[in-house]
Amino acid sequence: MRDLKNKLTSSKNTKNIQSRKTKSFGYQVLGFGAGGGVAFTGLADFLVIAGGGGGGGNGDDGGGGGAGGYRASFNSETSGGGGSSESSLTLSKGSEYTVTVGGGGAGGTSTTAAAGNGVNSSISGSGITTITSIGGGGGAGHNSPGGDGGSGGGEGSDNSVRQGNGTANQGFNGGNSSSSPASGGGGAGAVGGNGPSSGVAGAGGVGVASTISGSSVTRAGGGGGGGFNADGGAGGTGGGGRGGNNASDPGVAGTANTGGGGGGAGDVGGGTSPNGSAGGSGVVILRVLTIDYSGTTSGSPTVSTSGSHTILTFNASGSYTG
């Protein structure tokens, strides 16, 4: 009996017994904490708006600038246009996410040149599909078409050139003009207003409202068309600039950090050539649970809270690290 006991309790056999027990009853968790892999840090809702297009220059009158493209994952749903609901982003701990905020397009500066398109805004980083919103199309000049973009630029007074087209699920087309005055630029929520045969120019298309920052804010309205011996069109709700009336009243720029389109230039005849107005810059907003918020950013975003969430509002390019 003593010999059998010694064999069972020898160091070699004891090691074998322990090894078998570990294989039979033990387990290992992978991919969490110190176990390896990338740790999940939480979901982030987003609102990404590109820069708005500039208003068209004079040569009778310029079309309104289109609003910047509008993409969102939070309570902003507009069939066919901007704000169609998308999936939230899944962020990873320690990964940096780059935020790019696009500037507004320049207003048209001559009788023939259309205005500049707005600049794209985006979010990109490890493990996510890049979210890109397209800059708004510039408003048409007298002999040049409205630009295509997130929302399209409005047609000018010369209706032989077309209005700009919007991008599906980001914005709408610019308005068209039967004759002077000019039409409004498209908004994230509606097509730009058409230029009538007489009277007030076409209004910019309306934007889209979102409560991602805690209160309802409407953004990405189109710019109003310029008037020819008539009032300029109203800017679309959400930062779109009003169209101009004449050389001394060239119109209003799109509101900064809304992606609003710029107002088109107006004219009262006599060969004057006022410039169109610039589009408004875009904005990027991230919404994360406060318990998941790392506090690591660049670019000086505005940080606020709403209930159990922390809101990062980027009015200029920067980054967030999960």
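Visitor: Which residue in β6 is the bridge partner of S122?

Guide: This is a predicted model, and in it strand β5, which covers residues 121-125, is joined by three bridges to strand β6, residues 131-133, with the two running antiparallel. S122 belongs to one of these bridges, and its partner in β6 is T132.

Visitor: Which residue in the turn between β5 and β6 has a positive phi?

Guide: The strands β5 and β6 form a hairpin, and five residues lie between them. Within that turn, the residue with a positive phi, of about 80°, is G127.

Visitor: In what order do the strands of the open sheet of five lie?

Guide: We can build the order from its pairings, beginning with β4, which pairs with β5 in the antiparallel sense over four bridges; here the bridge partner of T100 is S122. Strand β4 is also joined by four bridges to β15, residues 318-321, again antiparallel, and in this case T98 has S319 as its bridge partner. The edge strands, each pairing on one side only, are β6 and β12. With antiparallel pairing, the order of the sheet is therefore β6-β5-β4-β15-β12.

Visitor: What is the average twist from one strand to the next in this sheet?

Guide: The sheet in question is the open one of five strands, with β6 and β12 at its edges. From one strand to the next, the twist averages 15°.

Visitor: Which residues have the most contacts inside the largest nonpolar core?

Guide: In soluble globular proteins, nonpolar side chains tend to be buried together. The largest nonpolar core in this model has 17 residues, and β1, β3, β4, β11 and β14 each supply at least two of them. A second, separate core has 13 residues, including A188 and I212. In the largest core, the residues with the most contacts are L89, I123, L286 and F314.

Visitor: Which residues is L286 in contact with, leaving aside its neighbours within four places in sequence?

Guide: L286 is one of the residues with the most contacts inside the largest nonpolar core. Once the neighbours within four places in sequence are left aside, its contacts are A44, D45, F46, L89, I123, T310, I311, L312, F314 and Y320.

Visitor: How many residues apart in sequence are the parts that the salt bridge of D45 and R287 ties together?

Guide: The closest N and O atoms of D45 and R287 are 3.4 Å apart, and both residues are buried. D45 lies in strand β1 while R287 lies in strand β11, so the separation in sequence of the parts they tie together is 242 residues.

Visitor: Is R71, which meets E86 in a salt bridge, buried or exposed?

Guide: The side chains of R71 and E86 meet at 2.7 Å, N to O, and E86 is partly exposed, with a relative accessible area of 23%. A residue counts as buried when its relative accessible area is under 20%. Because the relative accessibility of R71 is 18%, R71 counts as buried.

Visitor: Which residue does R162 meet in a salt bridge?

Guide: A search of the whole structure finds three salt bridges, and in one of them the side chain of R162 meets its partner at 3.1 Å, N to O. R162 and this partner are both in the loop between β6 and β7, 14 residues apart. At 40% relative accessibility R162 counts as partly exposed, and so, at 37%, does its partner, D148.

Methods: Residues are numbered from 1 along each chain as its sequence is written. This is a predicted model: local features need pLDDT of at least 70, side-chain atom pairs count only at pLDDT 80 or more; totals for chains, interfaces and linings use all residues. Side-chain values use heavy atoms; hydrogens and water are left out. A nonpolar core is a set of buried Ala, Val, Leu, Ile, Met, Phe, Trp, Tyr and Cys residues joined through side-chain atoms within 4.5 Å. Buried means under 20% relative accessible area, exposed over 50%, partly exposed in between (1.4 Å probe, protein chains only). Contact means heavy atoms within 4.5 Å. Two strands pair if DSSP finds at least two bridges between them. Axes are lines fitted to C-alpha atoms, for helices over the stretch in contact, and angles run from 0 to 180 degrees between N-to-C directions. A salt bridge is a side-chain nitrogen of Lys or Arg within 4 Å of a carboxyl oxygen of Asp or Glu.
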